[in-house]
Amino acid sequence: MNSKPCLTLEDCRKIGAAAMAEARKNKWSVVIAVLDDGGHLRWLEAMDGTTPFNSQVAVEKGRSAAVSRRTTKSWEDRIAAGRNALLNMPVLPIQGGVPIMTGGECVGAVGVSGVQSHEDEQIANAGIAALGLKS
Amino acid sequence: MSLKSALTVAAAGALFAAGVTFAQVPPDPNNPNEAVPEKHTYTPYGETITLAQAKKVADAALADATKREWQMCIAVVGPTGDLIYFEKMDQCQFASVSIAQHKARTAARYRRPTVVFERLLGKGAFFSYLPTLDDVIASRGGNPIIVGGKIIGAIGVSGGTGSQDDVISQAGAAAMK
């Protein structure tokens with residue numbers, strides 16, 4: 001039987017706090033979601049001034065990154081390059097969802113929504129960096 | 001017209017005629033839902049809960065769940081039922097991820113604890129219409145968060161028995177009192 005690492009609530013909070021710090025530093029108001037490797041929600045915070053839409057999108061970006069083991073930007077890029085058939089895949093192909101990788105394994109993902117897509121991703125990456133994992 | 005389609009039209013006509021009698025189900029004098037109350041009593045909505053308030057509520061719930069060693073999912077929503085804060089403890093069952101959110105949403109949108117639906121449903125057939133209402137969850141663990149007499153959001157908890165969920169949920173809601 002194989003075994004693989006798995007996020008604890010403590011890990012999720014650490015990711016969330018670092019992502020939140022990155023958003024605050026830039027005066028951005030966002031929703032930050034941390035999900036496990038199956039795309040199930042583990043942790044979510046909606047900053048004041050965000051919309052219900054942001055909560056849904058943050059979770060959906062995170063779920064997409066977790067189950068596909070890819071950034072949602074990679075989905076967006078491939079569609080932008082002309083691979084229109086990918087629009088039919090069960091993911092949200094908008095930048096801002098990043099898988100959490102360690103030792104070649106995906107243990108979850110972070111999804112962010114609230115500012116421009118590349119800024120959302122910057123926040124997600126800042127959160128994941130707090131775990132100090134070696135991918 | 002073929003014989004088959006003629007029969008179909010005839011059958012539809014018979015059903016339509018019968019519809020008149022369907023509308024005439026007499027009221028049952030034992031049905032408490034037939035009463036028309038004079039006053040409309042409700043708790044008004046206030047401003048949406050802030051993230052700082054939501055964290056305070058969730059932290060109080062998490063502290064109680066940790067103390068009792070109960071593995072829970074804790075969700076805090078605004079008055080509209082939209083998610084503001086969420087946390088899943090390490091060994092909580094997966095079903096609870098959506099149940100906790102549902103309980104919170106129902107408590108906020110219906111402005112009442114979800115135990116109300118559970119208890120009324122338990123009373124019998126006259127309340128069996130309750131789960132046909134939009135988005136109802138008839139299970140305790142969802143409670144409105146009230147500040148200054150106004151509902152600013154709700155907390156939903158799931159992971160244990162309904163009674164365990166409600167204890168943790170109320171511990172969270174109490175942090176705002």
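Here's a quick tour of one sheet and the helices around it. The model is predicted, so treat everything below as computed from that prediction. The centrepiece is an open sheet of eight strands that takes in strands from chains A and B.

**The sheet**
- Reading across, the strand order is E3(A)-E4(A)-E1(A)-E2(A)-E2(B)-E1(B)-E4(B)-E3(B), and the pairing is antiparallel.
- E3 of chain A and E3 of chain B (residues 142-147) sit at the edges with a single partner strand each, so one side of each has no neighbour in the sheet.
- From one strand to the next, the twist averages 20 degrees.

**A look at one strand pair**
- E1(A) and E2(A) (residues 41-46) pair in the antiparallel sense over five bridges.
- In this pair, A:Val34 stands opposite A:Trp43 of E2(A).

**Helices on the sheet**
- H1(A) packs on the sheet and touches E1, E2, E3 and E4 of chain A, along with strand E2 (83-88) of chain B.
- The direction of H1(A) makes about 30 degrees with that of E2(A).
- H5 of chain B (residues 162-174) also packs on the sheet, touching E3 and E4 (150-158) of chain B, and its direction makes about 145 degrees with that of E4(B).

**Helix H4 of chain A**
- H4(A) covers residues 117-129, so to speak 13 residues, and reaches 18 Å from its first C-alpha to its last, close to the 18 Å expected at 1.5 Å a residue.
- Its buried residues are A:Glu119, A:Asp120, A:Glu121, A:Ile123, A:Ala124, A:Gly127 and A:Ile128.
- Among the elements covering those buried residues of H4(A) are helices H1 (9-25), H2 (52-68) and H3 (72-80) of chain A, as well as strands E1, E3 and E4 of chain A.

Technical notes: Residues numbered from 1 in each chain as written. Chains lettered and ligands numbered in written order. Predicted model: local features only at pLDDT ≥ 70, side-chain atom pairs only at ≥ 80, totals over all residues. Heavy atoms only, no water. Helix = DSSP H or I, 4+ residues; strand = E, 2+ residues; numbered from the N terminus. Expected span 1.5 Å × (residues − 1). Buried < 20%, exposed > 50% of the residue type's maximum accessible area, 1.4 Å probe, protein only. Contact = heavy atoms within 4.5 Å. Pairing = 2+ DSSP bridges. Axes fitted to C-alpha atoms, helices over the stretch in contact; angles between N-to-C directions.
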